[in-house]
Amino acid sequence: MYVWNKRLVIGLLGAFIVLEGIFFLMAGGGEGSQLYVRTTQWITVNYILLVIWIFVWMIDQARVRGKNVWVWLLPYIICPLPTLVAFILMLQRRIG
């Protein structure tokens, strides 16, 4: 769990933002999209399943540390990646 540090988290968030930007630039525009419908559906299904899998991981990590994960559910549904980052950083706080 302690392999996560702020530089890694910021780098991963930056990579995510760049990749999302590329995805939206390819999908938008006045002419026909360069992405096929099936590709978009595949990306969407994989994203949803990844979000579910990560929340199950969050449940496990919270249970091990005696924390309540259910307060994180609504923010996670609205904005998964920043919520995950906040959750990981919250679990790494030193108590004392």
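Biologist: How many residues does helix α4 have, and what distance does α4 reach from its first C-alpha to its last?

Modeller: In this predicted model, helix α4 covers residues 80-91 and so, at 1.5 Å a residue and counting one less than its number of residues, has an expected span that can be set against the model. The expected value is 16 Å, and the helix comes close to it. The answer is therefore twelve residues, and a reach of 16 Å.

Biologist: Is Thr83 of helix α4 buried or exposed, and which residues does Thr83 contact beyond its neighbours within four places in sequence?

Modeller: Thr83 lies in helix α4, where it is listed with Pro80, Leu84, Val85, Phe87, Ile88, Met90 and Leu91 among the buried residues. Its relative accessible area is 8%, and because the cut-off for burial is under 20%, Thr83 counts as buried. Once the neighbours within four places in sequence are left aside, the residues in contact with Thr83 are Trp72, Pro75 and Tyr76.

Biologist: Ala86 is found in that helix as well; how does its relative accessibility classify it, and what separates its C-alpha atom from that of Val9?

Modeller: The relative accessibility of Ala86 is 34%, a value that falls between the 20% limit for buried and the 50% limit for exposed, so Ala86 counts as partly exposed. Along the chain, Ala86 and Val9 are 77 residues apart. Their C-alpha atoms are nevertheless separated by 9.9 Å.

Biologist: Why can the length of α2 be said to agree with expectation, and which helices do its buried residues pack against?

Modeller: Helix α2 has 29 residues, which at 1.5 Å a residue should span 42 Å, and its end C-alpha atoms are 42 Å apart, so the two values agree. Its buried residues are Val51, Ile54, Phe55, Met58, Gln61 and Ala62, while the residue that follows the helix is Gly66, with a positive phi near 70°. The buried residues of α2 pack against α3 (73-78) and α4.

Biologist: What is the volume of the largest pocket, and which residues are the closest to its centre?

Modeller: The largest pocket has a volume of about 650 Å³. It is lined by 24 residues, and those closest to its centre are Phe16, Glu20, Tyr47, Leu50 and Leu81.

Biologist: Which element gives the largest share of the lining of the largest pocket, and how many of the lining residues are charged?

Modeller: The elements that give two or more residues to the lining of the largest pocket are α1 (6-27), α2 (37-65) and α4. The largest share, nine residues, comes from α1. By class, the lining has 20 nonpolar and three polar residues, and the number of charged residues is one.

Biologist: How many helices does the protein have, and what percentage of its residues count as buried?

Modeller: The protein has four helices and zero strands, and from the N terminus on its elements run α-α-α-α. The protein exposes about 7,500 Å², of which carbon and sulfur atoms supply 70%. Among contacts between residues at least 6 apart in sequence, 52% join residues at least 24 apart. Of the 96 residues, the share that counts as buried is 21%.

How values were computed:
Residues are numbered from 1 along each chain as its sequence is written. This is a predicted model: local features need pLDDT of at least 70, side-chain atom pairs count only at pLDDT 80 or more; totals for chains, interfaces and linings use all residues. Side-chain values use heavy atoms; hydrogens and water are left out. Buried means under 20% relative accessible area, exposed over 50%, partly exposed in between (1.4 Å probe, protein chains only). On a 1 Å grid over the protein atoms alone, a cavity is a set of points where a 1.4 Å probe fits but cannot get out, and a pocket is an open set with protein on both sides within 12 Å along at least five of seven lines; lining residues have an atom within 4 Å of a point. Grid points are joined across faces, edges and corners, and a volume is the space filled by probe spheres set on the points. Ala, Val, Leu, Ile, Met, Phe, Trp, Tyr, Cys and Pro count as nonpolar, Asp, Glu, Lys and Arg as charged, and the others, Gly among them, as polar. Contact means heavy atoms within 4.5 Å. Accessible areas come from the Shrake-Rupley method with a 1.4 Å probe; for residues, only the protein chains shown count as cover.
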